[in-house]
Amino acid sequence: DLLPIPSAYGKLYYVGSQSLSVTTAGVQVVGWSQGTEDNVTLNTNDIEIVNQGRYKIFAMVSFTDGNNIAFDLEIRKNGVNLCTCNPQLEVVSGREAFISSFEVADLVAGDKISVYLKSDSNTTATMLKQKLIVTN
């Protein structure tokens, strides 16, 4: 059984334009700005859990890239994918692509939640917006 825990919330976000070299193995989404936090730790590229409990995790990215490349968005705990059912999107050239994912996970103190983007062929994506929110 999970014990009642204090309210927890953390948000990392980015808006702008930055290049990200995306691979078939996946690459961690970086370049975050720190938003608000309460009972979690916001790090440069992940959110660290302070108290054990069940958490809701939301991630989204938007970007542009070449034509006919499929991208997967992964929410990872300590570098390991939380789900085998990742959202996937095939990109249309010259248009902004948007992918989001939502997970519920039982986490313990010290777990780090991060976002990865992978593609079916190595490419460079221009990241436009990204968000990672963890709350209980």
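Which residue in strand 11 is the bridge partner of Glu-74? In this predicted model, the partner of Glu-74 is Tyr-116 in strand 11, and the pairing to which these two residues belong, between strand 7 and strand 11, runs antiparallel over seven bridges. The protein has twelve strands and zero helices, and the points below go from the overall fold to strands 7 and 11 and then to individual residues.

**Overall fold**

- Read along the sequence, the pattern is β-β-β-β-β-β-β-β-β-β-β-β, and the radius of gyration of 15 Å is close to the 14 Å that the globule rule gives for 136 residues, so the protein is as compact as a globular protein of that length.
- Taken along the principal axes, the box filled by the C-alpha atoms is roughly 50 × 30 × 20 Å.
- Of the contacts between residues at least 6 apart in sequence, 77% join residues at least 24 apart.

**Burial, surface and charge**

- Buried residues account for 42% of the 136 residues.
- The exposed area of the protein is about 6,700 Å², and 48% of that area is supplied by carbon and sulfur atoms.
- The protein carries 10 positive and 14 negative charges, and the mean positions of these two sets are 4 Å apart.

**Strand 7 and its partners**

- Strand 7, which spans residues 70–77, is mostly covered, with seven of its eight residues buried.
- Besides the bridge between Glu-74 and Tyr-116, the pairing of strand 7 with strand 11 (residues 112–119) includes a bridge between Asp-72 and Lys-118.
- Strand 7 is also joined to strand 9 (residues 88–90) by three bridges in the antiparallel sense, and here Phe-71 stands opposite Leu-89.
- A further antiparallel pairing, over two bridges, links strand 7 to strand 8 (residues 80–81), where Lys-77 has Val-80 as its bridge partner.
- Strands 7 and 8 form a hairpin with two residues between them.

**Strand 11 and its other partners**

- Strand 11 is likewise described as mostly covered, since six of its eight residues are buried on the criterion that buried means under 20% relative accessible area.
- Strand 2 (residues 27–28) pairs with strand 11 in the antiparallel sense over two bridges, and Val-27 stands opposite Leu-117.
- Strand 5 (residues 47–49) is joined to strand 11 by two bridges, again running antiparallel, and the bridge partner of Glu-48 in strand 11 is Lys-112.

**Ile-69 and Leu-89**

- Ile-69 is found in the loop between strand 6 (53–64) and strand 7, and with a relative accessible area of 10% this residue is buried.
- Not counting residues up to four places away in sequence, Ile-69 touches Leu-89, Glu-90, Val-91, Ser-119, Asp-120, Ser-121 and Thr-123.
- Ile-69 and Val-92 are 23 residues apart in sequence, whereas their C-alpha atoms are 8.1 Å apart in space.
- Leu-89 lies in strand 9 and has 29% relative accessibility, so Leu-89 counts as partly exposed, because the partly exposed class lies between under 20% (buried) and over 50% (exposed).
- Leaving aside neighbours within four places in sequence, the contacts of Leu-89 are Ile-69, Ala-70, Phe-71, Ala-97, Phe-98 and Ile-99, among which Phe-71 is also the residue that stands opposite Leu-89 between strands 7 and 9.
- The C-alpha atoms of Leu-89 and Thr-44, which are 45 residues apart along the chain, are separated by 27 Å.

**Two asparagines with positive phi**

- Most residues other than glycine have a negative phi, which gives the background for the next two residues.
- Asn-39, although not a glycine, has a positive phi of about 60°; this residue lies in the loop between strand 3 (33–38) and strand 4 (40–42) and, at 32% relative accessibility, counts as partly exposed.
- Asn-78, also not a glycine, has a positive phi of about 55°; Asn-78 lies in the loop between strand 7 and strand 8, in the turn of their hairpin, and at 44% relative accessibility counts as partly exposed.

Note on methods
Residues numbered from 1 in each chain as written. Predicted model: local features only at pLDDT ≥ 70, side-chain atom pairs only at ≥ 80, totals over all residues. Heavy atoms only, no water. Helix = DSSP H or I, 4+ residues; strand = E, 2+ residues; numbered from the N terminus. Rg over C-alpha atoms; globule rule 2.2 N^0.38 Å. Buried < 20%, exposed > 50% of the residue type's maximum accessible area, 1.4 Å probe, protein only. Contact = heavy atoms within 4.5 Å. Areas by Shrake-Rupley, 256 points an atom, 1.4 Å probe, with all protein chains shown as cover. Lys, Arg positive; Asp, Glu negative; His and termini not counted. Charge placed at Lys NZ, Arg CZ, Asp CG, Glu CD. Pairing = 2+ DSSP bridges.
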